[in-house]
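I opened the notebook to go through one chain, moving from its overall make-up to helix packing, aromatic rings, cysteines and a few single residues.

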Amino acid sequence: MELGISIVLGLRIFWIALVVLCSIGCLPLGAAREFVLNIGHRGKLKLATTADNLPRFTVPQRWFTHFYLLGLLVNTALLTITFLFAYACTFPIQEHESQVSAIFSALGGAGTRDASGGIGTVEHLAEYRGRAWSSFLLLVMMEAQVLRRIFENFHVFQFSPLARMHVLGYLVGMGYYPAASFTLFTQHFQDRDYMSLISKFLLQRLGGAWILHTGPPLLNSQIKLQDYAKSLQGFEAFQWIGLAVFSLGWIQQYRTHCILASLRSKEVRTGVGAVFKPFAVDRKRANRYEIPRGSWFEWVSCAHYSAEIVRFFFFSVAFSLSLIKGQ
């Protein structure tokens, strides 16, 4: 089985298992439901009574940061690869192509179209530029999400020192963002030619530049900014709408998180310093829970989750429609 197909199959198994677990937690299934809910509980739903009496099989809730740091590492790597591939689809570079192809042909790789239908010439890259830029846009949204969550974990959230989460929930969280990024990266892998093309791009372009040191350039300095702008014209209207509504949910979730964090602060700062550290922590109020006010909290009780639903709903719409358009 090809590596790309194996990755897609593994991702499907992961998401199906996650949906099954969530479904069990929503259904009256007795002990099974309680077990799933116990895994998902965190924060005020899984507080330690004292620092010396911690619940078994739990880790600090502040370890949430690990989810986003790992997600950032994986997503940035995939975002970079996708950008370079989309760039090559839009602005093909011929220089040193034959030299690199010859090297990888000797190593067992394919550098040109062969009898099995493989694609290896840069002329065929343009056939897939729409799909490549679609994946790039979705990965940009994911990058914005993990960067904001990292910022919030370091500068906004006031985690209670007694707040815990189940170790199994922690492991699921560690897999969530890398799986999401790989899902976006491999969204068009049902097309074997596309999967083959991006694999050969990694070998011929990125691998060639590494082996040859003076191999094919990854970017062309002669391409102007307006040329990049023209490449954005290939995005569909639904992708721009999805990006706009995603941005609205992204901003609103940050605002609601700041409101929640301010409930545990003794001082709300202003000025330039407030951008990086909006609140001064009040340790005496670290375990208190109060009713938030302002923004979407005036209409719904869980405004931060409402913003997340809005954000991911339109994110999913853009993702699904891009799959349909790519078929």
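**Overall make-up.** I began with the secondary structure, which comes to eleven helices and five strands in the chain. I keep in mind throughout that this is a predicted model. I then looked up burial, and buried residues make up 43% of the 327 residues. For the contacts I took residues at least 6 apart in sequence, and I noted that 82% of the contacts between them join residues at least 24 apart.

**H1 and H2.** I turned to the packing of helix H1 (residues 3-26) against helix H2 (residues 31-40), where the axes are 8 Å apart and the angle is about 115°. I recorded the crossing of H1 and H2 as left-handed. On the H1 side I listed Leu21, Ile24, Gly25 and Cys26 as making the contact, and on the H2 side Ala32, Arg33, Val36 and Leu37.

**H5 and H6.** Which way does H5 run relative to H6? I found that the axes of H5 and helix H6 (residues 167-185) come within 9 Å and cross at roughly 160°. Since angles over 145 degrees count as roughly antiparallel, I entered H5 as roughly antiparallel to H6. The crossing of H5 and H6 is left-handed. From H5 I noted Ser135, Leu138, Leu139, Met142, Gln145 and Val146, which meet Tyr177, Ala180, Ser181 and Leu184 of H6.

**H5 and H9.** I next checked H5 against H9, and here the axes lie 11 Å apart with an angle of about 5°. These two helices, H5 and H9, are therefore roughly parallel to each other. H5 contributes Ser134, Leu137, Met141, Ala144, Gln145, Arg148, Arg149, Phe151 and Glu152 to the contact, while H9 contributes Gln239, Gly242, Leu243, Phe246, Trp250, Gln253, Tyr254 and His257. I marked Gln145 in my notes, as it appears in the contact of H5 with H6 and again in the contact of H5 with H9.

**Gln253.** That list led me to Gln253, which is found in helix H9 (residues 237-262). Is Gln253 buried or exposed? I read a relative accessibility of 0% for Gln253, so this residue counts as buried. Leaving aside neighbours within four places in sequence, I found Gln253 in contact with Gln145, Arg148, Arg149, Glu152, His304, Ala307, Glu308 and Arg311. I then looked at Ile309, which lies in helix H11 (residues 303-326). Ile309 is exposed, with a relative accessible area of 58%, and its C-alpha atom is separated by 9.9 Å from that of Gln253, the two residues being 56 apart along the chain.

**Aromatic rings.** How many aromatic pairs does the structure hold? I counted 13 aromatic pairs. The one I examined in detail is Phe83 with Phe136, whose ring centres are 5.7 Å apart and whose planes stand at 45°, so I classed the pair as tilted. Phe83 lies in helix H3 (residues 64-90) and Phe136 in helix H5 (residues 129-155), so the pair ties together parts that are 53 residues apart in sequence. I compared their burial as well: Phe83 counts as partly exposed at 23% relative accessibility, whereas Phe136 is buried, with a relative accessible area of 19%. I also found that ring pairs link Phe14, Trp15, Trp63, Phe64, Phe67, Tyr68, Tyr170, Tyr176 and Tyr177 into a cluster. Of these, Tyr177 had already come up in my notes as one of the H6 residues that meet H5.

**Cysteines.** I looked for disulfides, and the count came to zero. Cys22 is in no disulfide, and the nearest cysteine sulfur, that of Cys26, is 6.8 Å away. Because a disulfide needs the two sulfur atoms within 2.5 Å, I could set Cys26 aside too, whose nearest cysteine sulfur is that of Cys22 at 6.8 Å. For accessibility I noted that Cys22 counts as partly exposed at 47%, and that Cys26 counts as exposed at 65%.

**Ala163.** My last entry concerns Ala163, found in strand S3 (residues 163-166). Ala163 is buried, with a relative accessible area of 3%. I recorded a C-alpha separation of 6.2 Å between Ala163 and Pro60, which are 103 residues apart along the chain.

Conventions
Residues numbered from 1 in each chain as written. Predicted model: local features only at pLDDT ≥ 70, side-chain atom pairs only at ≥ 80, totals over all residues. Heavy atoms only, no water. Phe/Tyr/Trp six-rings, centres within 6.5 Å; stacked < 30°, edge-to-face > 60°. Helix = DSSP H or I, 4+ residues; strand = E, 2+ residues; numbered from the N terminus. Buried < 20%, exposed > 50% of the residue type's maximum accessible area, 1.4 Å probe, protein only. Axes fitted to C-alpha atoms, helices over the stretch in contact; angles between N-to-C directions. Parallel < 35°, antiparallel > 145°, perpendicular 65-115°, else oblique. Left-handed = near helix turned anticlockwise from the far one by under 90°. Contact = heavy atoms within 4.5 Å.
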